[in-house]
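Visitor: Please show me the structure. I would like to go through the charged pairs and then the nonpolar core.

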Amino acid sequence: MNRANDKLDAPYESKVFDIRFRGTSNDLSSVKIYTSKNRFQIEKQISFDPESEPISSMEYFAGSVLSSILLTLLEQSKKRGSIIEEIEGVLNLSLENPLSLLGVKGYEEEPFISKMTVTVYLYADLEDKAFDEFCLGALAKSPIYNTLKRSMELEVVFKKLT
């Protein structure tokens with residue numbers, strides 16, 4: 001049996017999972033995002049106001065990155081018999097050229113996220129080598145991580161709790 005030929009003949013759905021989102025703006029000041037089963041509204045792409053309560057696009061994006069990494073670890077833990085007992089993560093990101101978003105004269109550079117660092121604190125009853133192998137192996141199963149690591153500086157640090 002030749003697995004390489006099997007992959008070539010495999011149906012599209014076994015190789016690619018397509019997801020569709022729709023966005024609308026009826027009030028021309030916020031956007032409603034529709035998924036296959038849910039919808040949510042976003043009022044700003046980013047807020048520099050620490051008192052602002054609505055979740056911005058940037059917060060959804062960063063939250064998606066962090067939750068994807070944590071959920072991937074938890075899913076892989078369950079497949080191995082629930083080896084994670086505690087987990088917490090912190091994401092820090094660096095936004096370049098933020099003044100251009102605020103309309104400050106003389107600042108026209110394109111804003112972009114130049115770096116993200118995710119620190120994952122977890123307690124798992126594994127020896128150091130097995131802990132590292134588990135964490136890196138699980139991380140390789142995160143589609144969001146795998147996509148972003150190709151386009152930006154994205155560092156994930158694992159801290160073993162004792």
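Guide: The side chains of Glu153 and Lys115 form a salt bridge, 3.8 Å from N to O (a side-chain nitrogen of Lys or Arg within 4 Å of a carboxyl oxygen of Asp or Glu). The model is predicted: local features need pLDDT of at least 70, side-chain atom pairs count only at pLDDT 80 or more, and totals for chains, interfaces and linings use all residues. Residues are numbered from 1 along each chain as its sequence is written, and side-chain values use heavy atoms, with hydrogens and water left out.

Visitor: Which strands do Glu153 and Lys115 lie in, and how many residues apart are they?
Guide: Helices (H or I, at least four residues) and strands (E, at least two) are DSSP runs, numbered from the N terminus. Glu153 belongs to strand S6 (residues 153-160) and Lys115 to strand S5 (residues 112-124). The pair joins distant parts of the chain, and the separation is 38 residues.

Visitor: What is the relative accessibility of Lys115?
Guide: Buried means under 20% relative accessible area, exposed over 50%, and partly exposed in between (1.4 Å probe, protein chains only). Glu153 is partly exposed at 46%. Lys115 also counts as partly exposed, because its value lies between those limits: 28%.

Visitor: Which residue meets Lys160 in a salt bridge, and is that residue buried or exposed?
Guide: The Lys160 bridge has an N to O distance of 3.4 Å. It links strand S6 to helix H4 (residues 128-139), across 32 residues. Lys160 is partly exposed at 30%. Its partner has a relative accessible area of 53% and is therefore exposed: Asp128.

Visitor: How many residues apart are Glu133 and Lys129?
Guide: Their side chains meet in a salt bridge at 4.0 Å, N to O, and both residues are exposed. Both lie in helix H4, about one turn of the helix from each other, which puts the separation at four residues.

Visitor: How many salt bridges are found in the whole structure?
Guide: Side chains of opposite charge can pair when their charged atoms come close. A search of the whole structure gives a total of three.

Visitor: Which element supplies the largest share of the largest nonpolar core?
Guide: A nonpolar core is a set of buried Ala, Val, Leu, Ile, Met, Phe, Trp, Tyr and Cys residues joined through side-chain atoms within 4.5 Å. The largest one has 29 residues, of which Ile69, Leu73, Val120, Leu122 and Phe158 touch the most other members. Among the elements supplying at least two residues each are helix H3 (57-79) and strand S4 (84-96). The largest share, seven residues, comes from H3.
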